[in-house]
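Thanks, everyone. I'll put the structure up and go through some salt bridges, then one cavity.

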Amino acid sequence: MEFLSKDQLVKMLNINNLHTAIGDKEILKGLSLKINAGEIHAIMGPNGAGKSTLTYTLGGRPGYEVTSGAVEFDGQDLLTLAPHERAAAGLFLGFQYPVEIPGVSNVQFLREALNAQRKLRGEAPLSGGEFLKVARAQADAMGMNMDMLKRPVNVGFSGGEKKRNEMVQMGILDPKLAILDETDSGLDIDALRVVGEGINRVMRKPDKAVLLITHYQRLLDYVQPDFVHVLAAGRIVKSGGPELALELEREGYAEIAA
Amino acid sequence: MTNIADTKNAEALAAANKVSDYEWGFSSDIEQEFAPKGLSEDTVRFISAKKNEPEWMLDWRLKAYRYWLTMETPHWAKLNIPPIDYQDAYYYAAPKAKKQLGSLDEVDPEILRVYEKLGIPLEEQKMLAGVEGARKVAVDAVFDSVSVATTFRKELEEAGVIFRSISEAIREYPEQVKKWLGKVVPMHDNYFAALNCAVFSDGTFVYIPEGVRCPMELSTYFRINAENTGQFERTLIVADKGSYVSYLEGCTAPMRDENQLHAAVVELVILDDAEIKYSTVQNWYPGDAEGKGGIYNFVTKRALCQGKNSKVSWTQVETGSAVTWKYPSCVLNGENSVGEFYSVAVTNNHQQADTGTKMIHNGKNSRSTIVSKGISAGKSNGTYRGLVKVAANADGVRNFTQCDSLLLGDQCGAHTVPYIEVKNPTAQIEHEATTSKISDDQLFYAMQRGLDQESAVALIVNGFAKEVLQQLPMEFAVEAQKLLGISLEGSVG
């Protein structure tokens with residue numbers, strides 16, 4: 001992709017010295033990260049480094065208490081917003097373990113969610129017909145059957161189907177920033193390619209950005225990151241280009257994070 | 001017992017005397033719309049006279065009253081109810097005790113907020129809230145004037161359907177009423193049924209003649225008359241051979257009501273090849289967040305599937321009342337008869353609900369389905385209590401029961417009490433039960449997609465209750481969905 005020159009960079013996310021605690025335990029210990037529009041970043045790190053905590057903190061999940069630091073998202077103070085307001089501002093989390101909601105169809109769920117976002121943004125709601133058109137296009141693009149969209153959210157879906165469903169949701173909600181938490185886990189090689197292509201198709205645009213959180217290099221074969229960061233013990237300990245991911249794969253976290 | 005109560009309550013005695021003086025004057029014009037406070041044979045006579053009832057009806061009421069005096073309040077339900085002083089209540093025309101309001105500004109803003117959330121048109125809000133002069137306007141606005149009601153009535157009459165207040169029916173169709181009144185729920189059935197028999201104020205009588213499919217849901221009409229719902233309602237619906245009717249009772253809007261004690265009786269009679277679908281949305285005042293006030297709702301509902309291939313389906317959405325004691329039941333006498341019970345019961349704050357059903361299988365190859373969804377939040381308690389009974393000579397009976405409970409928070413309770421009595425070895429009885437909590441994972445997931453907390457709770461709860469909600473007539477299903485969300489406001493977080 002084409003890069004903007006430095007003074008043209010549009011800030012998307014600016015995390016400054018973020019500290020997060022769950023209960024008494026501090027997990028993030030001064031994490032800083034800047035993401036500009038048009039960029040794809042990957043965060044890699046060993047288990048327990050704080051990857052999921054970072055995801056949930058940015059999403060505003062109750063129980064993840066920010067003890068100090070600041071996060072600016074698209075010009076707004078992210079930390080003062082409720083989870084649904086963050087969503088409406090353009091933040092999307094791809095869940096490591098997508099949640100089942102029995103009795104609520106994907107179509108109903110996403111239409112309500114999208115229209116709730118639109119309402120907060122002062123946009124008119126989509127009618128049933130308009131919504132279905134958008135949903136069908138995204139489902140088709142992800143190779144997902146419309147019948148699956150009519151089934152209850154994630155109920156009876158395989159691991160791969162759930163992840164694919166996350167990508168369909170991302171396509172429908174069309175966020176500015178997607179934080180994808182181990183979206184590659186539990187995927188076979190075909191599904192991995194489909195999901196990777198989905199991320200590129202929806203998010204690789206000059207006005208959007210992605211933060212990929214992953215253990216492994218393999219998703220990065222399909223979604224080429226512009227920057228790779230190593231998260232260890234609640235902090236970014238090293239940053240670099242795509243080559244850093246390969247280095248990590250070769251040498252392991254212990255070596256790099258040390 | 002009456003004497004003791006009367007001497008205890010001098011006010012009631014004086015009032016009763018006054019009524020006795022008044023008694024002979026009833027047939028002309030009476031301004032008095034209240035029976036005096038308290039309950040005595042005089043109260044019963046007052047009500048009967050007020051309705052110009054025939055002698056047999058008065059005798060029936062008095063018999064019930066005398067029987068009631070010998071009975072005791074049932075204590076087996078999982079309900080904590082302070083003793084009720086039956087002498088400290090009005091037994092007639094109490095619904096009209098609603099104070100007329102000058103405008104909507106005088107209505108409790110909390111109630112107005114709920115109306116708004118339900119999307120009830122302004123004029124209809126006025127009617128529900130009891131604003132002076134609103135009724136006619138409201139009827140005009142919503143249903144294009146009384147003439148529509150008349151049109152309905154005409155259409156029903158052409159089909160041969162009798163649809164009357166029970167008081168009218170007692171006068172106009174005494175034989176029909178006499179034939180079935182108290183046959184499904186006998187006056188001695190239980191304490192509250194006996195009380196209802198003695199003092200029922202009004203209600204509905206429906207007769208669907210042989211082979212007739214009722215040309216409309218008897219809901220729209222009812223809605224116009226919603227303000228007539230009384231404290232002691234009595235409903236009798238008879239579906240003759242091969243007929244069908246869908247009846248909808250209640251309203252999703254919270255009704256302003258000064259009465260604390262409600263004891264209704266609903267009797268359904270279904271003959272060969274006939275079907276009744278009976279849907280209820282109950283949203284009486286549940287009391288405040290501290291558990292003060294609220295309606296005590298003691299209801300006896302029963303369907304008699306007398307004919308072969310007869311079918312009854314009860315669907316209820318219970319969100320209101322401080323106390324709910326209610327077990328819509330099916331007596332399946334007919335061969336191949338079918339009973340269904342679909343229920344959503346929501347309790348929040350300090351509400352208590354003990355509700356369920358009885359499926360009494362007397363007929364061969366009779367079948368029943370029970371789907372109960374209980375949702376408890378706050379400090380409330382919800383109980384499913386159900387009986388499945390199979391008689392010795394009822395071969396080939398099948399029952400399927402599913403009881404699911406959903407808990408919000410950690411101070412509420414959900415209880416499931418199934419009773420199964422099977423005396424025939426060919427019966428197939430299945431019972432499934434689950435208890436779950438709305439998980440933080442579900443809530444956060446929904447909120448991350450853009451729903452605020454209340455919408456997220458409402459969405460998850462509606463998914464949980466879907467199997468029941470989809471049994472409701474379309475327009476009510478939509479309102480009921482909103483209602484579930486509103487009933488659970490503030491229950492999380």
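B:K308 has a relative accessibility of 43%, so this lysine counts as partly exposed. Keep in mind that this is a predicted model. The partner of B:K308 is B:D273, and the closest N and O atoms of this salt bridge are 3.9 Å apart. B:D273 is partly exposed too, at 41% relative accessible area. B:D273 sits in the loop between β6 and β7 of chain B, and B:K308 in the loop between β8 and β9, 35 residues apart.

Next, B:D354 and B:R385. Their closest N and O atoms are 2.7 Å apart. B:D354 belongs to strand β13 and B:R385 to strand β15, so the bridge ties together parts of chain B that are 31 residues apart in sequence. Both B:D354 and B:R385 are buried.

Then B:E267 with B:R234, at 2.9 Å between the closest N and O atoms. Here the bridge joins strand β6 to strand β3 of chain B, so it ties together parts 33 residues apart. Again, B:E267 and B:R234 are both buried.

In chain A, A:R118, A:R121 and A:E123 are linked in a salt-bridge network. Over all chains, the structure holds 25 salt bridges.

Now the cavity. There are 6 of 30 Å³ or more, and the second largest has a volume of about 140 Å³. Of its 19 lining residues, those closest to the centre include B:S372, B:G374 and B:Y384. Which strand gives the most to this lining? That is β14 of chain B, with 4 residues. By class, the lining has 11 polar, 6 nonpolar and 2 charged residues.

Conventions. Residues numbered from 1 in each chain as written. Chains lettered and ligands numbered in written order. Predicted model: local features only at pLDDT ≥ 70, side-chain atom pairs only at ≥ 80, totals over all residues. Heavy atoms only, no water. 1 Å grid on protein atoms, 1.4 Å probe; cavity = no way out; pocket = protein on both sides within 12 Å on 5 of 7 lines; lining within 4 Å. Points joined across faces, edges and corners; volume = space filled by probe spheres on them. Helix = DSSP H or I, 4+ residues; strand = E, 2+ residues; numbered from the N terminus. Nonpolar A, V, L, I, M, F, W, Y, C, P; charged D, E, K, R; others polar. Salt bridge = Lys/Arg side-chain N within 4 Å of Asp/Glu carboxyl O. Buried < 20%, exposed > 50% of the residue type's maximum accessible area, 1.4 Å probe, protein only.
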